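Visitor: I would like a close look at a single part of this model, taken slowly and then set against the rest of the chain.

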Amino acid sequence: MKQILIIIFLILLYIFFIYQHEIFILTTNIPKLLIWSYQLKDKKAFKKSRNLIEKTGMQGYFNSIQDNHIKKYFAPFYKHGYNIKKWDPNITDYKLYDKKNSISELINNFTTLTNIFGQWKADSLFRTSYEKRGEDNKLKEYYLYPLSKEYLPNYRNVIKNYLEDTITTGNHILLDLIHKITLDLLYLLHFGVKASEKDYEECIYFIDAVRHYYYGDIYNEHVIRQILNLKHFHRRHIDYIEELGIRENCIVGLWLKQGNLNKEQIFIEFIHNILGVSINWSNLTYTYLLKLTNNKVSRIPDKEESNDSNMERQKYIYECFRFICPATIIGSSLKDPSMWGLKKGKYQIVHDLKYITRLKEFFGEDAGKFNPQRFDKYHDNISTENTNNGESGNNGESANKGESGNNEGGKCPFYNSKKGAKVPCGLNVNEKKGYVPFGEGYRRCPGEFLSMIFMEEFADIIKYKDFTISLKDNKSVRYRYIWDFIEGNYEITIRN
Ligand code: HEM
């Protein structure tokens, strides 16, 4: 009898050890959510807003907010949230808005394995407060190392060769083609090989969870599938990282070479980069192709060996990102609720970036149209390691202001821009007021240069293609993409 009890105990211990993450969610997060909804004063309104978002999509919900206004909303696990649909000059001021608690608990559940006490295996740049990044945004430097200027030409070649081989004649379901391109590139750029069938299938689980978590049932089937799959996904990718070792031709190999991020940190950055590479690039290319066929976007200027040509192309790329604005919102938490006259607690803040990129005060009367010439004078707003004179912009609240050791014109291999963005030397950021498709300040997107290269190569290849986009079998399929509804049944026919 005693032996049986010991065996049962050992089995339970094993189950307990293996399923720590799931047990934590089941025993802590779900009860936390129940308490949250029990305490919620206006349950009806909560349900109503989730239902509204279900109908309209997240973008539709934002569109329904009056311009230049802030709207209170219900964010599970938070006291509540505020959608900010107005220009906020302090948008990335770390003293007001925090990256800690910026990502909802739900997304953390499906990206980050926890132990039974809820401790994460590792944290990611994406949700790390400025103060926790090390002196002068050190963590960002670690992250940016493989994205430094010297490594970018290699990624350009990888992207160019891959796109040339993949965008070929034939009929393709547009969304399938875009997912294939962005997921293959995600793996090629991180690990130097294309996504396997399994990688592809499981990244789609992740993307499905991101598509479905913010409306209807909170722990819905997509979210649960991703939570249950996380362990397998994690194990396989830890193996990839271990097997890969130090390499100079891909992002993970370079993180390993640099030696400042451990393999758990690399895993977390990778899974979050599904958002950056696959989801954002999918939003970008889907919209770009449709706007091209509707003549709402012109084709990219030719590449010639001249400064003028380079400038024309640069203007074009800035305008693509401004006009499309693939990541339409950013999330933060409120650093000190008392500054807003609020009680203590966790508050979620969402800034609407797309709204900012459409403001006439920054982009003129034709802000709703595609017009690269609006960036004619982009040099006036460029920060380089030479132009940065150490003064902080961002309303005097820049993250790099004095206290964090300003670079005084740049201390390579990285410098701080005028608005406090950490940038690899030799690369420039456009800090025109309102140009926020990649955010700004200390948390500006480190994937910006890679994304501009991708955009340029994609636009170059598509420029000479004869293609049309139409509904397959004339049937429309409303497809919920990350923030908006899109057409799921478009077929692209490429003729040459
Ligand atoms: C169309 C392409 C992309 C767009 C529009 C985009 C947009 C953004 C935006 C708006 C932010 C700021 C978020 C904030 O302030 O909270 C951001 C941050 C970030 N992005 Fe991207 N992104 C893109 C591609 C990428 C790629 C390719 C990667 C990785 C290779 C990446 C990795 C990140 C990371 C790690 C952060 C967090 C930075 C920090 O907090 O310091 N993104 N991105």
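Visitor: Which residue in β5 is the bridge partner of Tyr-97? Please start there and work outwards through the sheet.

Guide: The model is a predicted one. In β5, Leu-334 is the bridge partner of Tyr-97. That pair belongs to the contact between β3 and β5 (residues 329-334), two antiparallel strands joined by two bridges.

From β5 the sheet continues to β6, residues 347-352, with five bridges in the antiparallel sense. Within this pairing, Gly-331 lies opposite Val-350 of β6. The whole sheet is open and has five strands, ordered β1-β2-β6-β5-β3, with mixed pairing. Its edges are β1 (69-73) and β3 (97-98); each has a single partner strand, so one side of each lacks a neighbour in the sheet.

At the β1 edge, the partner is β2 (residues 80-85), which runs antiparallel to β1 and is joined to it by five bridges. Ile-70 faces Ile-84 of β2 there. As a general point, side chains in a regular strand alternate between the two faces of the sheet.

Now the setting of this sheet. The chain has 15 helices and 14 strands in its secondary structure. Its radius of gyration is 23 Å, close to the 23 Å given by the globule rule for 496 residues, so the chain is as compact as a globular protein of that length. Along the principal axes, the C-alpha atoms occupy a box of roughly 85 × 55 × 50 Å. Of the 496 residues, 40% are buried. Among contacts with a separation of 6 or more, 67% are between residues 24 or more positions apart.

One helix to compare with the strands is α7, residues 174-191. This helix has 18 residues and spans 26 Å from its first C-alpha to its last, close to the 26 Å expected at 1.5 Å a residue. α7 is mostly covered, with 16 of its 18 residues buried. After α7 comes Gly-192, with a positive phi near 80°.

The ligand has a shell of 24 residues, and the closest are Gly-276, Asn-280, Gly-439, Cys-445 and Gly-447. Two elements, α11 (263-293) and α15 (448-463), give two or more residues each to that shell. The largest share is that of α11, with six residues. Sorted by class, the shell holds 14 nonpolar, seven polar and three charged residues.

Last, the loop between α14 (360-363) and β7 (382-383), where Asp-380 is placed. Asp-380 has 9 other C-beta atoms within 10 Å and is therefore exposed. Its C-alpha atom is 39 Å from that of Ile-469, a residue 89 positions away along the chain. Gly-364 is also found in the loop between α14 and β7. Gly-364 counts as exposed because it has 11 C-beta neighbours inside 10 Å. Between the C-alpha atoms of Gly-364 and Arg-374, 10 residues apart along the chain, the separation is 8.3 Å.

Methods:
Residues are numbered from 1 along each chain as its sequence is written. This is a predicted model: local features need pLDDT of at least 70, side-chain atom pairs count only at pLDDT 80 or more; totals for chains, interfaces and linings use all residues. Two strands pair if DSSP finds at least two bridges between them. Helices (H or I, at least four residues) and strands (E, at least two) are DSSP runs, numbered from the N terminus. A residue is near a molecule or strand if its C-beta atom, placed from the backbone, lies within 6 Å of it. Ala, Val, Leu, Ile, Met, Phe, Trp, Tyr, Cys and Pro count as nonpolar, Asp, Glu, Lys and Arg as charged, and the others, Gly among them, as polar. The expected span of a helix is 1.5 Å times one less than its number of residues. A residue is buried if 20 or more other C-beta atoms lie within 10 Å of its own, exposed if 12 or fewer, and partly exposed in between; C-beta atoms are placed from the backbone. The radius of gyration is taken over C-alpha atoms; the globule rule is 2.2 Å times the number of residues to the power 0.38. Two residues are in contact if their C-beta atoms, placed from the backbone, lie within 7 Å.
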